[in-house]
Every structure is written in structure tokens, then in C-alpha cells.
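Student: Could you walk me through this one? I have not looked at it before.

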Amino acid sequence: MSLRPTPDTVFTPRAASINPDMYVAREELERALRNGLNSQQHLLIHGDSGTGKSWLYKKVLSDLDVHFEVANLANASRLGSITNELANLVSRHEIAEKTGYSESKSAELNTIVAKGRLDHTGQYELGQKEPFESCLAAIRQRAGSRSGILVLDNLEAAFTDQFLKELADLLILCDDERYAYYDVKLLIVGVPSGVREYYYKTPHHATVANRLRELPEVSRLSLTQCRSLVEKGFEKRLRYTVEDPSSVYKHVAWVTDRIPQMIHEYCLEVANLIHHSGCTVDSDTLERADELWLSQSMYHGYAVVEQHMNERDTKAGRRNQTLFALGCTENEHVKASDVEELIRREFPNSTSGTTLNVTQILAQLGKGDQPVLKRTPKGDAYAFADPRYRMALRAMMMKTADERVEKVPLTNK
């Protein structure tokens, strides 16, 4: 009888590699990336943290047998420039050009005989090329006849005028004959969108936008994809018994907002609860997992939402009802009319014939040092300032029979 795998080997995403048993196909995004690789443009992948951007590009590039190296722009921010991180990347891989050797003859004498020894000392020079060209050369050498990609990951860490100007210079240099010789494409990965629009507005780098191809946003999984991921983990890999699978998978999708990293974290909480006590996933397990989820993974989101709740117990608690309704939303962007419709649907008795002032409440939730919401660029809608806030709302807000909204207390269990 084979041993059952441990929860952490199943539900802990590995940033450095892809677990093929747990990967969920995202056909439209994969197709868009493959098409982009066949174009003449450099590529930009964007999406909120935890949505699976790294898994996506690593899976597609591995399937296509593309050689790629990853430069971390968070490290570039720490080191002061993208160029410094590229030099660091070359150095980390101990890539150097052997330019020759020197011969030195040393005489070794002893009391009996003198004998000559020829020492060959390898000389390696990194200074022949500046870091960007050295990096491209190294990728081409390692790729051989395969396609070569330089991935610039964590764009959000270097989203400043200084770094975006340097990035523009690198993109332009790729068209220079010396750099184009290596035939290496750039793949930029991170949270921010609108990079092309930024360059269009920058007079000296407007042409850079034409060199970039922005792929569709990497966002939440579909309900079907979410179920597939959880089912693979619980039933196929861990061989758990899932009572009422439809309800279990629907609950996981709801509380994690279908964000891949959050699904992994929540399911790890569930698995750790039951791995040595029956290995059955049921409603009681999910209730206990919700408590742990709030007190550990969602603690920051809980604290932020708590700051924005009604300070005193009011008859209607309209702000709390608004927060509850925000947790019920599904779209990335929400308008006041959408939220008001949800409030009236969830709280029909206390909202009948009443003006709700939802626009004003949403504006208040978008203020302060730690706002729950942020205005969209067009200014006619809102998005969550952090995707975790919607998850926190779903796990912590409870509607009572008399249409009040209460928070679920944190537990240390």
C-alpha cells in the first residue's frame, strides 16, 4: 500500500517549478501566450498577485521547450537598477567567457632534483560586454538552437519612472544589431497593467509601446477550473473522502474568490485539519478551516475591514450592509448601482422605501490610510484595494435574521 502524500506537497505552490499533477489548464491564456511568442513583439503578462502568472508562463515555455532565465525586478529595486540585477543574474549562473589562459612556470626545488611544472590558469572576463548583452549572450549560449526568453518578473517592484525608462532603453536596444544578434525575446511579468499606455504618454519612448504586446489579464479561475484544482488535490492526490462535493467545492470557490494561491492556502488549512483524523472533508471541517483562514491568512484583511465597519450599533447598520454586499460581488469592478441592488436584495425589509446613499458610503470606504476600495481609472466604478479584502468580507461578515451584519470573531485555535 502506497503512502498518502502530505498536504504541503500537494497544496504548497512551488514558485521554482510546475507540479504537473496540480496544474489547471487555462486554454485562452495559454493560447494568447503561444501566439505572442510567435510575434515580433516583446510580451507583457499582468494580473493580481496570486493569480498564477508564473505558473502560466513556466508551463507554456516548458511545453514549448523554450529556454528562459528569470531576472527579479524586486532585486533590481534593491540593487538600484535593472542592469545591476542582470549582472547579478549572469554572476549567479557563473556565466563567463574564457578568453585565454596564461602559462606560468614554477620551479619546485628539493634537495635531490629541480623539476619544472607548467600551470594553466583559466582567465574569465565579464567586462567584455555590458551586463544586458552578457545576459543575452548567456541565454543564447544555453538555449542553443531553441528559442530564448529573458523574463523580467515582479514588475510592480520597479514601477517607477526611473525603472520604466531603463526598461524602455532595454526594449529599444533589442532592435540594435549587436543585441538582436542573440535573438532573445523579453517577457515582462507583474501586477501593473497599462505599461503600453505609460510609454505612449512619454514623448521620448512612445515608440516603445509598439514593441510591447500586452496579453489578456491573468485573473481568477473559472468555477470549473477551481473545482478541478481542488478535486485534484483532495480526491486524486490526497485520496480524501469529500462529502457533498458540490457544496464543498462551491464553498472553496466562494471563500477564496477563485484565486489560485488562495485556493492552495485554504485547502492546505483544510487538509492539515483532517489529514490524521479520518481524511473526510465535510461542512464541519470547512467551518473550522474558515476560522483558521480568518485568524491566519486573512488577519490583515480582517483588521482593515474592521476599521471601516459602523463604530456603533445603529438600527440598520448601512455601512455594514454595504460591506456585506461588497463581499457578494463577483466582478472586478463594481458600481454604486450594483452594490445598491445587492443591498436591497439581501436586506429587503430594512431597505424598503429608504434612500441608501451608497455612493457616499463607497467613497468613504475608499478613503483613509488603508482603504477597502480604490477608484478605477475612469472614476465611475470601484475595485478592491487588495483582492484579499473581498475574501475577508466573505469569511468574516455574517447576516442575522433581523438583517443586521455582525463580524465573525477571530480564533486562536
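Tutor: We can go through the sheet, the cores and some helices in turn, keeping in mind that this is a predicted model.

Student: Okay, the sheet then. In what order do the 5 strands come?

Tutor: The order is β2-β5-β6-β1-β7, and these 5 strands make up an open sheet in which the pairing is parallel.

Student: And which strands stand at the edges?

Tutor: Those are β2 (67-72) and β7 (212-214); each has a single partner strand, so one side of each is left without a neighbour in the sheet. On average, neighbouring strands of this sheet are turned by 25° against each other, if direction is ignored.

Student: How many bridges join β1 to β6?

Tutor: Strand β1 (residues 42-46) and strand β6 (residues 184-190) run parallel and are joined by 4 bridges. If you want a pair of residues to look for, L44 stands opposite I188 in β6.

Student: Which helix packs on the sheet, and what does it touch?

Tutor: Helix α5 (residues 82-92) does, touching β2 and β5 (148-153), and the direction of α5 makes about 125° with that of β2.

Student: Switching topic: how many residues are in the largest nonpolar core?

Tutor: That core has 81 residues, and the ones with the most contacts inside it are L187, F234, V281, L326 and M397. Its largest share, 7 residues, comes from helix α12 (residues 260-274).

Student: Take F234. What is it in contact with, leaving aside neighbours within four places in sequence?

Tutor: With that restriction, F234 is in contact with F11, R239, Y240, V242, Y249, C267, V270 and V281. There is also a second, separate core of 34 residues, which includes L86, L89, L164 and L171.

Student: What about helix α15, mostly covered or mostly open?

Tutor: Helix α15 (residues 318-328) is mostly covered, with 10 of its 11 residues buried. Among the buried residues of α15 are R318, N320 and Q321, as well as L323, F324 and L326.

Student: Last one: at what angle do α14 and α19 pack?

Tutor: Helix α14 (residues 299-308) and helix α19 (residues 387-396) pack at an angle of about 80°, with their axes 8 Å apart. The two are therefore roughly perpendicular to each other.

Student: Which residues make the contact?

Tutor: On α14 they are H300, G301, Y302, V304, V305 and E306, while α19 contributes Y389, A392, L393 and M396. By class, that contact has 7 nonpolar, 2 polar and 1 charged residues.

Conventions. Residues are numbered from 1 along each chain as its sequence is written. This is a predicted model: local features need pLDDT of at least 70, side-chain atom pairs count only at pLDDT 80 or more; totals for chains, interfaces and linings use all residues. Side-chain values use heavy atoms; hydrogens and water are left out. Axes are lines fitted to C-alpha atoms, for helices over the stretch in contact, and angles run from 0 to 180 degrees between N-to-C directions. Angles under 35 degrees count as roughly parallel, over 145 as roughly antiparallel, 65 to 115 as roughly perpendicular and the rest as oblique. Contact means heavy atoms within 4.5 Å. Ala, Val, Leu, Ile, Met, Phe, Trp, Tyr, Cys and Pro count as nonpolar, Asp, Glu, Lys and Arg as charged, and the others, Gly among them, as polar. Two strands pair if DSSP finds at least two bridges between them. A nonpolar core is a set of buried Ala, Val, Leu, Ile, Met, Phe, Trp, Tyr and Cys residues joined through side-chain atoms within 4.5 Å. Buried means under 20% relative accessible area, exposed over 50%, partly exposed in between (1.4 Å probe, protein chains only).
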